[in-house]
Amino acid sequence: MKLRITDVRRAVVVAPHPDDEVIGAAALIAALRRQGSAVAVIVVSDGAASHPNSVAWPPARLTATRERESLHALCRLSVRREAVTFLRLPDGQLSAGADRCRAALHRALRRHGKVDLLVGPANADAHPDHRAVARALRYFRFGGRRLTYQVWPPQRRSALRCRTVSLPGGAAAKRSLIRSHRSQLGAIRDDPHGFSIARHELAVFAHPVERFVEERG
């Protein structure tokens, strides 16, 4: 079933890591911006744990690069730089620092004032950082609509209970947006154990039909 968003004037999309905003919600962001809705994005972690053994890419450089990659992708979706907030919490440690995560995220959300739609990761996501952000969002007092998206494991979820949004341009457009995140696609070569989105994962992530579950409360 197609997601109804015509009543949304202001939305906030929460991403656990830089790149989750386009993997999980690029089509939704694009649809909201096309109808003139204001979209803000909050990126929770600094993304610096993807290549911990890289000499050429120490944490400060990697963090700055990953933020630029997110800004570039979001600019292509007509989201302004000033609408993007980076909380820079430690990548891979959001569960261990759950209280800090919750406090920082809630402060950032309160700064956005009245919002119609809040979008974030699913509580069933396989990544612990994503689940930590989902739990933090669950405890945020909010009277508008809530949507969740799932990134890990990369799979096309059943349409049961899901609402869909399609990205104009199809898989090629979605893949191009994800490829803005070059640091996560093999560009860093001096850490053989570093993270890289695999080809089969990219194929699933690039599917142009995004699925969301509408949560209550």
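User: How far from the ring centre of Tyr139 does Arg102 lie?
Analyst: This is a predicted model in which local features need pLDDT of at least 70 and side-chain atom pairs count only at pLDDT 80 or more, while totals for chains, interfaces and linings use all residues. Residues are numbered from 1 along each chain as its sequence is written, and side-chain values use heavy atoms, with hydrogens and water left out. A charge sits over a ring if NZ of Lys or CZ of Arg is within 6 Å of the ring centre and within 35 degrees of the ring normal. Arg102 lies over the face of Tyr139, and its distance from the ring centre is 4.2 Å.

User: Over which residue's ring does the charged end of Arg61 sit?
Analyst: Here is another charge over a ring, this time involving Arg61. Its charged end is 3.6 Å from the ring centre of Trp57.

User: Happy to move on to aromatics: how many aromatic pairs does the structure hold?
Analyst: Rings of Phe, Tyr and Trp (its six-membered ring) pair if their centres lie within 6.5 Å; planes under 30 degrees apart count as stacked, over 60 as edge-to-face and the rest as tilted. By that rule, the number of aromatic pairs is 2.

User: What is the centre to centre distance in the pair of Trp152 and Phe195?
Analyst: Trp152 and Phe195 meet edge-to-face, with 80° between the planes and a centre to centre distance of 6.0 Å. They come from distant parts of the chain, 43 residues apart: Trp152 from the loop between β5 and β6 (162-166), Phe195 from the loop between α5 and α6. Helices (H or I, at least four residues) and strands (E, at least two) are DSSP runs, numbered from the N terminus. So, to come back to the pair, its centres are separated by 6.0 Å, by the pairing rule of 6.5 Å.

User: Which residue forms an aromatic pair with Trp152 at 5.2 Å centre to centre?
Analyst: Trp152 counts as buried at 15% relative accessibility, where buried means under 20% relative accessible area, exposed over 50% and partly exposed in between (1.4 Å probe, protein chains only). The 5.2 Å pair is edge-to-face, with 85° between the planes of Trp152 and Phe205. Because Trp152 is in the loop between β5 and β6 and Phe205 in helix α6, this pair ties together parts that are 53 residues apart in sequence. Together with Phe195, these two form one aromatic cluster, and the buried partner with a relative accessible area of 4% is Phe205.

User: What is omega for the cis peptide bond that joins Trp152 and Pro153?
Analyst: Pro153 lies in the loop between β5 and β6. The peptide bond joining Trp152 to Pro153 is cis, with omega at about -5°.

User: What is the phi of Asp19, which is not a glycine?
Analyst: Asp19 is in the loop between β1 and α1, and it is buried, with a relative accessible area of 7%. Its phi is positive, at about 120°.

User: With which residue does Asp19 form a salt bridge?
Analyst: A salt bridge is a side-chain nitrogen of Lys or Arg within 4 Å of a carboxyl oxygen of Asp or Glu. For Asp19, the closest N and O atoms are 3.4 Å apart, and the partner is Arg66. Since Asp19 is in the loop between β1 and α1 and Arg66 in helix α2, the pair ties together parts that are 47 residues apart in sequence. Asp19 is buried, and so is its partner, Arg66.

User: Which residues do salt bridges that share partners join into one network?
Analyst: Arg145 meets Asp7 in a salt bridge at 3.2 Å, N to O, and these two are 138 residues apart, in strand β5 and in the segment before β1. Arg145 also meets Glu214 at 2.7 Å, N to O. As Glu214 lies in strand β7, that pair ties strand β5 to a part 69 residues away in sequence. The members of the network are Arg4, Asp7, Arg145 and Glu214.

User: Which residue's side chain makes a polar contact with the side chain of Ser54?
Analyst: Ser54 counts as buried because its relative accessibility is 8%. Not counting residues up to four places away in sequence, Ser54 touches Ile188, Asp190 and Asp191, contact meaning heavy atoms within 4.5 Å. A polar contact is a pair of N or O atoms within 3.5 Å; within protein, one must be able to donate a hydrogen and the other to accept it, and residues adjacent in sequence count only if both atoms are side-chain atoms. At 2.6 Å, the side-chain partner of Ser54 is Asp190.
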